[in-house]
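This briefing is arranged by topic. Please read it alongside the sequence and the model shown below.

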Amino acid sequence: MNTVSNSNNNEKALEVRTHDIPIADAMSEFMKQGWAPSPLSGVNAHPSIPYTKLRREKLSKKYPGIRLVFPAGSLKIRSNDSDYPFRAHSAFSWFTGIIAPDAVPDSVFVMEPNTEGHEDLLFIHPRSVRDSDEFYKNTRYGEFWVGRRMSLDETQIKYEVKVRQIESIEQLFADKKEALIIRGEDKKLDKLVTESEDKEKEFLNFTSLMRLVKDEYEIGEMQKAVDASVRGFADMVRVFPAATSVPRGERVIESAFYGRARLEGNDLGYSSIVAAGSHACVLHWIKNDGDVLPGDLVLIDAGVEVESHYTADITRTFPVSGKFSEAQRKIYMIVYNAQSAGIAAVKPGAKFKDYHDACMVEIAKGAAELGVLPVSVEESLKAENGQHRRWQFHGSGHHLGIDVHDCAHARKEQYSDAILEPGMILTVEPGFYIQPDDTLFPEEYRGIGVRIEDDILVTESGCKILSNALPRHPDEVEAYMAKLLK
């Protein structure tokens, strides 16, 4: 593999590494000859444009006279001179609409103040045409190394913003005009903007809050991500027999979903959780190196990120054999009832935390029915007690969108205490996890972990389950698996 190490300086990409082969002068002269023009055909305006313009207009009114700076971010080192795949910063993507295949590392979007509000300027490193030697020498941007990028003109047509060479950005910033930046994404750019910690924190907060209510374009992209993820879950169930036949079978299941994510989207929205047996009791189990045994449950938490960077976030818990045992079904039904109560509580005018509280009532009732709750349900549900949380110690959901934990820079009063509005997209994801060493339970229950998670759109009259195509009730789950595994 030939890559270059991470740096904010383009010059770094031109350094010769020890394994590079020297380029002779004769070769350089020869590379100047015999190239035909290769413009892209069929470049059209992207469907996100009406929506990104409205977002920028709202932001412009909030910050008149201030330069607003959104770095795409730089490549991040995985090891030595090998980088992780590039994923542009969410704020950059949200305000520009630039999709994953068109996003270039070290790009910068600037809203430059003027008498009418702001002018939109996009600074990129465009395609490396054949009138310089970059196309074969530069391992970071050269087309022989990383493929073709769009030209300045092509990018301007597709996203309807003025596009300039990235090298000219220092000249723009030379006037030291008051500016706000999403700091920490581009070290070189950070040095060009005078830091103002409190104002930048508020800026980050406001741009995060803007994403709470999704527009029509976003809802459509979210549905695409969900639908692709639903197909990915079917792919995973189909490989259960293969997963049980080899060691580390969790990775067989994980790989099936990754294939769907790459086929239909950009990537995974987050590291998939494929947790068989007692691994399901580890909330962020991403090692995915366990065996998959026929009598176990397997908890799968996975989401496809589509090219617009919107991601699904779905969890299902399946019996590997296709049938729940009596103990597994009891725990599953507690979670099913909790999720059903949580979904019913999602409606405009309710508080965000209301649906978590609704889930917790059912979790507490389930623990009481199993004889493990040391106090009454009413006592356990009091804020000063909470014994039922031994079996679900995470929240019951979060905002979802261009980030899997979307709008994360909102403050508590803007998030958990906020009122739900139509257009918000949330997850509802209660669980019940019995650790393998929990002696409050008989042996047959220990190591059972169940979570059910769906992606929910708040509507004018209530809510819509975007992931409803994936069955939830245990009878439906068994029928679904039987159909896929026949």
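The structure holds zero disulfides. The model is predicted, and the cysteine geometry below accounts for two of the unpaired sulfurs. The later points turn to domains, backbone angles and a surface patch.

**Cysteines**

- A disulfide is a covalent bond between the sulfur atoms of two cysteines.
- The cut-off applied here is a pair of cysteine sulfur atoms within 2.5 Å.
- For Cys281, the closest cysteine sulfur belongs to Cys359 and lies 18 Å away, so the distance is too far for a bond.
- Cys281 has a relative accessibility of 4% and therefore counts as buried, the limit for that class being under 20%.
- For Cys407, the closest cysteine sulfur is in Cys463, at 18 Å, which is again too far for a bond.
- Cys407 is buried as well, because its relative accessibility is 0%.

**Domains**

- The domain assignment gives two segments: domain 1 covers 42-210, and domain 2 covers 216-485.
- Taken over C-alpha atoms, the centres of domain 1 and domain 2 are 35 Å apart.
- Contacts between the two involve 18 residues of domain 1 and 17 residues of domain 2.

**Positive phi angles**

- Most residues other than glycine have a negative phi.
- Asn80 has a phi near 55°, a positive value in a residue other than glycine.
- Asn80 sits in the loop between strand 2 (77-79) and strand 3 (82-83).
- With 65% relative accessibility, Asn80 counts as exposed, since that class begins over 50%.
- Lys176 also has a positive phi, near 55°, and is likewise a residue other than glycine.
- The loop that holds Lys176 runs between helix 7 (169-173) and strand 7 (179-181).
- Lys176 counts as exposed, because its relative accessibility is 56%.

**Nonpolar surface patch**

- Trp35, Phe144, Trp145 and Val146 make a nonpolar surface patch of about 390 Å².
- Val146, one of these patch residues, is found in helix 5 (residues 143-146).
- The relative accessible area of Val146 is 47%, so Val146 is classed as partly exposed.
- That value fits patch membership, because patches are made of residues with over 30% relative accessible area.

Definitions and conventions: Residues numbered from 1 in each chain as written. Predicted model: local features only at pLDDT ≥ 70, side-chain atom pairs only at ≥ 80, totals over all residues. Heavy atoms only, no water. Patch = residues over 30% accessible without salt bridge, like charges linked within 9 Å, V, L, I, M, F, W, Y side chains within 5 Å. Areas by Shrake-Rupley, 256 points an atom, 1.4 Å probe, with all protein chains shown as cover. Salt bridge = Lys/Arg side-chain N within 4 Å of Asp/Glu carboxyl O. Helix = DSSP H or I, 4+ residues; strand = E, 2+ residues; numbered from the N terminus. Buried < 20%, exposed > 50% of the residue type's maximum accessible area, 1.4 Å probe, protein only. Domains from an automatic or database assignment. Contact = heavy atoms within 4.5 Å.
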